[in-house]
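Got your viewer open? Load the model and let's walk through it, one selection at a time.

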Amino acid sequence: MNVLRQLHVYYREKNHLLILSILCLAAATALGLVYPNLLRKLIDDVIAPRNYSEAPYLALTALSVIIVKAFMQFLSGFFGGRLGNYLAYRLRNACYEKLQFLSFRYYDTAKTGDLMSRLTGDLEAIRLFIGFGFAQLLNLFFMVSFGAVMMMSMNWELTVLTLITMPFLVLVAWKFESKIHPAFQEMRLALSSLTTSVQENITGVRTVKSFAREPYEVEKFSERNERYKSNQIFAALLWSRYFPVMELLASVSVAILLGVGGTLVIHKSLSLGELVAFFGLIWFIIGPLWGLGFHINNYTQSKASGERVLEILNQPIDVQDDEHALMLPGEQVKGHIVFDHVTFAYGNKMPAVTDINFEAKPGAVIGFLGGTGSGKSTIIQLLMRAYDIDEGSITLDGTDIRKIKVRQLREQISTVFQETFLFSSSIRNNIAYGIQDVSMDEIIRAAQLAKAHDFIMELPEGYDTVVGERGMGLSGGQKQRIAIARALLKNPKILILDDATSAVDMETEHEIQTGFQEVMRGRTTFIIAHRISSLRHADLILVMDQGRVVQQGRHNELIHTSGPYQDVFRIQYADYLSRISDKEDEVNRA
Ligand SMILES: Nc1ncnc2c1ncn2[C@@H]1O[C@H](COP(=O)(O)OP(=O)(O)OP(=O)(O)O)[C@@H](O)[C@H]1O
């Protein structure tokens, strides 16, 4: 019930809908009790004494009861439906909002397909249970207790005898629930893994095809499908094992009633009408108890679903605003950044960066060079507080970034990532992402600076061209240029270019860099690059290796100091250097 209690927070202001739905259902149930009584009256007071004049009144009463009962059932469904939809709506919004604020750490391990299945299948199961199943389950108790009380009022000994099997029925139903719940949890997991495999396959379809891995993917999917099927079969097996036992126990009750009740009628201790009424009432009890399995099934499914949805909602956000977090008036930010003995590890792994120290004065350009996995991107992630550091401090204009409101900090930073993400929307919207009230002229200016304007104008609908999911239909370089335009439009105090020009050719890179000279003015810029050409003009270059800064200085100093920077320079400029030495040889020979 803890799950239901936690879910209750999301619909407590609509409690009245739940209460109305339950009351209407209870009223419909109570009206259902009128039938066996009418039957008893018909047999004992009309047919036996041949007092037929009362028959039309009884028929009229039955008709009115049917109409009112149907109306009550309609109202119960109506209120329940509104409640279920309201809850699903609130939960969907809450989950989506939570997903926006969850930290990068959460997404390091999250699976899209799994999250999608929680937001769709699991939410649907909760909607159905809270909207309808819960009232039905409660109604089951109403039916059993109303029926039992009415039977008791007619003949308590016969009632006790008839209902003797009921505790066993409840026991079996209870056992069934304890087995079916884990089975459903397992089934939900299997479904998630199935959805994940479809989602990953579609996202990575190019990789799959280029490696001709279609048969492997089909096999992988079949295995997961098989697991899902086995889970379903197992649940069905449990059902088929327990259901006959429940049916058998119910039938024993009916047999007792017929045997004992019949004898009582023969001995005139029970009227025929009462026996018939008893027969109607016993079904009033057995029917719902038979359905107990179904309702429990429903309940366990939605409990498992509720747990999965609440897992998202209860997920701690590890990077969030300090209680006294400072606002950052955008126009006053200078962009002075200091890393002081910063060490950070992802999870329990070895530190990704160790003892990082550097100062970026306002407007300075800081370059990072280093091999794969040397920690360059990590430094940038720490600067935008994607993760909180383990040791040391990072300050912006003298204030520790942990004391600044995360949103405000990030508003001052524009990042162009290694991998460009474009939304399936127009190019204009993609460039203006996250910025309100921006004019077309500003968008065009940003695109011109990013050298994107010309190719955009060549597209059939220019800036209104809608790009496919993740920018499908554009080349890697074109996507990157749009991302650069997006970053420039934000007009940030801090600009981060994380291998931002890796997908464009040297010539375009040079052009973009020239554009950057202009936009970098007055902004602190961090450039991660593999090409020395991108870093030549940096005020400070940090050379990274295995999470540590192994060299630092300006380009002209570093190329004259033996070390990794000089090595990379020699490799990248080998052609250029050999051409120079050839020329020198020629001059010497001459
Ligand atoms: N989200 C993450 N979770 C766990 N470990 C990570 C994560 N991101 C990076 N790492 C690890 O941290 C180390 C530094 O990675 P980082 O991405 O900072 O390197 P990099 O220098 O930017 O590399 P590249 O040039 O290939 O992008 C690597 O060992 C990497 O495996």
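Start at the ligand and colour its surroundings by residue class: the shell splits into two nonpolar, seven polar and two charged residues. Keep in mind that this is a predicted model.

To see who they are, select D108, Y346, A352, G370, T372, G373, S374, G375, K376, S377 and T378, the residues around the ligand. Which helix gives the largest share of that shell? Pick residues 376-383: this is helix α12, and the three residues it supplies are the largest share.

Next, jump to the stretches that UniProt, in an unreviewed entry, lists as "transmembrane region": residues 56-80, 128-152, 158-176, 248-266 and 272-293. Two of these are worth a stop.

- Select 128-152. The chain here is 100% helix and 0% strand, with 35 Å between the end C-alpha atoms.
- Then take 158-176. This stretch is 84% helix, again with 0% strand, and its end C-alpha atoms sit 29 Å apart.

Now zoom out and switch to cartoon for the whole protein chain. You'll be looking at 22 helices and ten strands. Line the view up with the principal axes, and the C-alpha atoms fill a box of roughly 140 × 50 × 45 Å. The radius of gyration is 36 Å, whereas a compact globule of 590 residues would come in near 25 Å.

Last stop: colour by burial. Buried residues account for 33% of the 590 in the protein chain. If you'd rather draw a contact map, count the contacts with a separation of 6 or more: 80% of them join residues 24 or more positions apart.

Methods: Residues numbered from 1 in each chain as written. Predicted model: local features only at pLDDT ≥ 70, side-chain atom pairs only at ≥ 80, totals over all residues. Helix = DSSP H or I, 4+ residues; strand = E, 2+ residues; numbered from the N terminus. Rg over C-alpha atoms; globule rule 2.2 N^0.38 Å. Buried ≥ 20, exposed ≤ 12 C-beta atoms within 10 Å, placed from the backbone. Contact = placed C-beta atoms within 7 Å. Near = placed C-beta within 6 Å. Nonpolar A, V, L, I, M, F, W, Y, C, P; charged D, E, K, R; others polar. UniProt positions renumbered as here; feature names shortened; annotations may be inferred.
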